[in-house]
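Please open the model in your viewer and keep a selection panel at hand. The tour below moves from the cysteines to the core and then to the sheet.

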Amino acid sequence: MRTAAKGPFQPTPRTILHLDLDAFYASVEQLDRPELRGKPVLVGGRNGRGVVCACSYEARSYGVRSAMPVSQALRLCPAAILLPVRMARYQELSRHVFDIFSHYTDLIEPLSVDEAFLDVTGSRRLFGDGRCIAEQIRAAVRSETGLAVSAGVAANKFLAKLASEQAKPDGLFVVPEDPDDFLLGLPLQRLWGVGPVLLRQLNRQGLTTVADLRRLARPTLERLYGATGGKLYDLARGWDNRPVERGHAVKSVGCEDTFERDLVDRDDLRHVLLDLSDRVAARLRHKGLVGRTLTIKVRYADFSTVTRSTTSAEAVDHGPCLFRGALELLHKTEAGRRPVRLLGITVSQLSHVGLEPLDLFNAQGSHRQAALDAAMDHLRRRFGRSGLCPATLLGRSESDPE
Ligand SMILES: [Mg+2]
């Protein structure tokens with residue numbers, strides 16, 4: 001049901017900014033070492049998985065992309081300069097940039113080390129309209145840190161994020177009051193929540209652009225895609241009334257999957273659990289949270305549902321840790337003996353790591369893992385979840401997740 005608050009005619013139009021630093025890690029390297037400016041720069045693991053975590057725009061012109069194996073990137077661009085991840089330095093600049101944001105509003109929702117939503121509705125009297133505020137922030141970030149931050153300005157988070165993608169690199173895009181000119185031509189993969197699986201389903205229905213989606217009624221979309229269908233209906237109209245949240249209100253972070261066919265095979269269940277752990281961990285890090293209580297939910301084919309929980313002394317946001325805990329909990333259920341139609345993982349007892357997660361990680365002696373996790377999150381945001389997942393999911397091998 002459409003409501004006034006949801007549609008474009010809400011009583012108090014909000015002004016939301018989405019700010020996203022361009023090619024952040026690579027830009028920092030070029031900032032700190034002027035001799036690298038204008039050159040193709042890769043930031044990535046020489047150790048571990050050996051993937052590109054970030055690449056400068058110069059490297060991108062050779063077809064290099066994040067998530068690509070470093071070896072492949074170097075084949076495409078042999079002149080590229082490969083540098084290790086220096087997370088502490090990126091964090092330092094990130095704090096400076098967020099400090100600039102905080103001059104304009106205290107309603108800031110950090111999405112990651114280089115990206116945030118700002119609700120500046122209450123700041124317009126003081127600093128001017130959304131475009132004006134975004135221009136001031138971009139100029140301040142440029143002059144105080146030397147970094148380029150792209151900005152999207154719109155009446156809600158969904159459109160603001162689309163706008164900043166449109167603005168890149170080093171740009172500003174303001175979504176007009178009637179967003180249709182901007183929105184209708186966009187491919188569906190640009191919409192929030194449209195991953196590769198849903199995209200294939202939509203494409204099979206003959207839908208490729210937002211304009212295609214607009215032709216379907218809400219009941220039709222809900223019949224085809226359930227609750228997601230209702231969300232698609234709203235997004236196709238540019239509607240999104242989610243508030244900008246400072247983040248501490250989150251009580252739990254979880255993911256669950258319902259299967260097309262009930263699962264009995266333990267290996268299948270294990271792979272689903274690994275995928276869920278990885279997704280929940282990424283969402284925790286995305287929100288800057290760590291959690292101490294892990295809960296799994298198992299729904300059997302007859303719809304009876306059980307949960308199992310465990311609480312640890314140490315808060316975690318790391319996929320393989322969650323996976324190990326979840327697997328132990330799964331062994332305390334009848335999964336594998338009875339067919340399972342749904343599996344879910346939730347992490348609660350959350351605490352905020354804010355913008356200084358490195359101290360915590362250093363204390364745990366897993367600096368490298370933190371850098372790797374941050375890099376993987378970055379790649380996931382760029383490519384969707386299918387862009388990067390643990391090797392056991394890709395190869396369905398029997399090896400341990402770490
Ligand atoms: Mg960025």
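Select Cys132, which is partly exposed with a relative accessible area of 29%, where buried means under 20%, exposed over 50% and partly exposed in between, for a 1.4 Å probe and protein chains only. This is a predicted model, in which local features need pLDDT of at least 70 and side-chain atom pairs count only at pLDDT 80 or more, while totals for chains, interfaces and linings use all residues. Residues are numbered from 1 along each chain as its sequence is written, and side-chain values use heavy atoms, with hydrogens and water left out.

Go next to Cys77, which is buried, with a relative accessible area of 0%. Its sulfur lies 9.6 Å from the closest cysteine sulfur, that of Cys55, which is too far for a bond; the whole structure has 0 disulfides (cysteine sulfur pairs within 2.5 Å).

Now select Ile137, which is among the residues with the most contacts inside the largest nonpolar core, a set of 35 residues (buried Ala, Val, Leu, Ile, Met, Phe, Trp, Tyr and Cys joined through side-chain atoms within 4.5 Å). Not counting residues up to four places away in sequence, Ile137 touches Leu17, Leu19, Ile100, Phe101, Tyr104 and Leu118, contact meaning heavy atoms within 4.5 Å.

Finally, display the open sheet, whose 5 strands run in the order E5-E6-E1-E7-E8 with mixed pairing; strands pair if DSSP finds at least two bridges between them, and strands are DSSP runs (E, at least two residues), numbered from the N terminus. E1 and E7 pair in the antiparallel sense over 6 bridges, and His18 has Gly152 in E7 as its bridge partner.

Key:
Helices (H or I, at least four residues) and strands (E, at least two) are DSSP runs, numbered from the N terminus.
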